[in-house]
Amino acid sequence: MRLKASKMRGLQVMDHTVLEFLPPLPVSAEERAEYLAFAKAVAVEAGLTTLSYFRTSADIMGLENKDQDGFDPVTVADREAEAVIRERIKQTYPNHGIYGEEFGLEPGSGLTWVIDPIDGTRAFMSGMLHWGVLLALFDGENPIVGVLYQPYTDELFFGDGSTAGLARGGKEQPIHTASLSTLATATTCTTGIEWLGQSEQAKYQQLAKAAQLNRTGGDCYLFALVAMGQIHVGLDGSLNPYDIQALIPIIRGAGGVITTWDGGNPSLGGHVVASANEALHEQALEKLR
């Protein structure tokens with residue numbers, strides 16, 4: 001679910017729970033590697049549970065609307081995938097917190113797993129491919145590991161803030177953002193602008209007009225394409241923490257930059273922009289100001 005632009009505060013969610021910034025907990029390099037390996041395995045397991053519902057009827061996927069004032073879809077696949085992830089976390093890291101889109105916040109010791117079981121449910125219900133399972137571990141200030149798994153294409157994007165990679169077909173390879181540093185020759189992408197207020201839409205249009213090419217659609221997958229170097233600037237608006245946290249370590253690990261539109265920490269969501277490098281990011285922020 002995205003927050004409506006008129007009510008968007010970056011960290012307020014539908015069930016009124018809040019994920020707050022706290023002093024970060026120290027995590028060793030060995031622990032970070034362990035957490036990333038766990039996230040990769042669990043995201044794949046959860047993702048595979050969604051495939052029996054993909055490209056089926058609304059009745060089979062159990063399609064429901066969570067928003068009485070608009071349309072915010074959820075399916076059985078969303079709930080089953082999140083349940084799998086929660087169960088594995090509780091088995092392996094019982095002291096950790098859990099925060100997911102479908103079942104809310106369970107506080108823990110300070111490290112919190114942040115789950116979007118299907119980011120891009122609208123795409124999922126439409127039979128499109130731009131969706132994925134998102135899982136991150138939040139240390140109180142930043143997500144320290146993150147994964148995106150697209151089970152239909154069997155693509156697992158992962159990162160720890162320092163490195164990023166793509167696993168597919170039993171092989172892993174590093175991924176890197178593009179070296180292109182001029183907005184006039186860049187490709188930009190956003191999922192849509194209906195989550196933005198009028199002034200934010202005007203700012204977005206400034207950015208889109210300054211770029212060589214602008215595409216619409218993508219949800220989490222557009223940020224993976226930034227990390228791969230295919231798209232140069234990706235942005236979205238009115239995000240919740242679970243919409244973006246898993247993507248932050250992937251973007252940063254691939255060499256990219258990701259902030260809010262005003263240059264702040266994107267970990268609690270809001271309006272977020274990711275760029276291939278610092279030079280391009282400064283140009284994007286200038287247009288969004």
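**The sheet, its helices and its cores**

User: Which residue in E9 is the bridge partner of Gly-159?

Analyst: Gly-159 has Ala-164 as its bridge partner in E9. Please note that this is a predicted model.

User: How do E8 and E9 run, and how many bridges join them?

Analyst: E8 and E9 run antiparallel, joined by 4 bridges. Together they form a hairpin with 4 residues between the strands. In the turn, Gly-161 has a positive phi of about 90°.

User: And on the other side, how do E9 and E10 pair?

Analyst: The sense is antiparallel, over 4 bridges. Ala-167 stands opposite Glu-172 in E10. E9 and E10 also form a hairpin, with 2 residues between them, and Gly-169 in that turn has a positive phi of about 65°.

User: Why is E9 described as largely enclosed?

Analyst: Strand E9 covers residues 164-168, and 4 of its 5 residues are buried, so the rest of the structure largely encloses it.

User: What is the strand order in the whole sheet?

Analyst: The sheet is open and has 8 strands, ordered E4-E3-E5-E6-E7-E8-E9-E10, with mixed pairing. Strands E4 (104-106) and E10 (171-174) stand at the edges; each has a single partner strand, so one side of each lacks a neighbour in the sheet. On average, neighbouring strands are turned by 15° against each other, direction ignored.

User: Which strands does H1 lie across?

Analyst: Helix H1, residues 29-50, lies across E5, E6, E7 (143-150), E8 (155-159) and E10. The helix runs at about 25° to E7.

User: What does H3 touch?

Analyst: Helix H3 (residues 76-92) packs on the sheet and touches E3 (97-100), E4, E5 and E6. The direction of H3 makes about 155° with that of E5.

User: Turning to Asp-119: where is it found, and is it buried or exposed?

Analyst: Asp-119 is found in strand E5. The residue counts as buried because its relative accessibility is 6%, and the cut-off for buried is under 20%. Strand E5 (residues 112-119) pairs with E6 (residues 132-138) in the antiparallel sense over 6 bridges, and the partner of Asp-119 in E6 is Gly-132.

User: What does the side chain of Asp-119 lie 2.9 Å from?

Analyst: A polar atom of the Asp-119 side chain lies 2.9 Å from the backbone nitrogen of Cys-220. Leaving aside neighbours within four places in sequence, Asp-119 is in contact with residues including His-130, Trp-131, Asp-219 and Asp-243.

User: Cys-220 belongs to H6. How many residues of H6 are buried?

Analyst: In helix H6 (residues 220-228), 8 of the 9 residues are buried. Among them are Cys-220, Tyr-221, Phe-223 and Val-226. Just after H6, Gly-229 takes a positive phi of about 90°.

User: Which members of the largest nonpolar core touch the most other members?

Analyst: Of the 28 residues in the largest nonpolar core, those are Leu-148, Phe-157, Ile-175 and Ile-244. The elements giving two or more residues to this core are E6, E9, H6, H8 (247-253) and E15 (270-275). H6 provides the largest share, 8 residues.

User: What is Leu-148 in contact with?

Analyst: Leaving aside neighbours within four places in sequence, the contacts of Leu-148 include Val-133, Phe-157, Cys-220, Tyr-221, Ala-224, Leu-247 and Ile-250.

User: Which residues does the second core include?

Analyst: That separate core has 27 residues, including Leu-36, Ile-85, Leu-135 and Phe-158.

Conventions
Residues are numbered from 1 along each chain as its sequence is written. This is a predicted model: local features need pLDDT of at least 70, side-chain atom pairs count only at pLDDT 80 or more; totals for chains, interfaces and linings use all residues. Side-chain values use heavy atoms; hydrogens and water are left out. Two strands pair if DSSP finds at least two bridges between them. Axes are lines fitted to C-alpha atoms, for helices over the stretch in contact, and angles run from 0 to 180 degrees between N-to-C directions. Contact means heavy atoms within 4.5 Å. Buried means under 20% relative accessible area, exposed over 50%, partly exposed in between (1.4 Å probe, protein chains only). A polar contact is a pair of N or O atoms within 3.5 Å; within protein, one must be able to donate a hydrogen and the other to accept it, and residues adjacent in sequence count only if both atoms are side-chain atoms. A nonpolar core is a set of buried Ala, Val, Leu, Ile, Met, Phe, Trp, Tyr and Cys residues joined through side-chain atoms within 4.5 Å.
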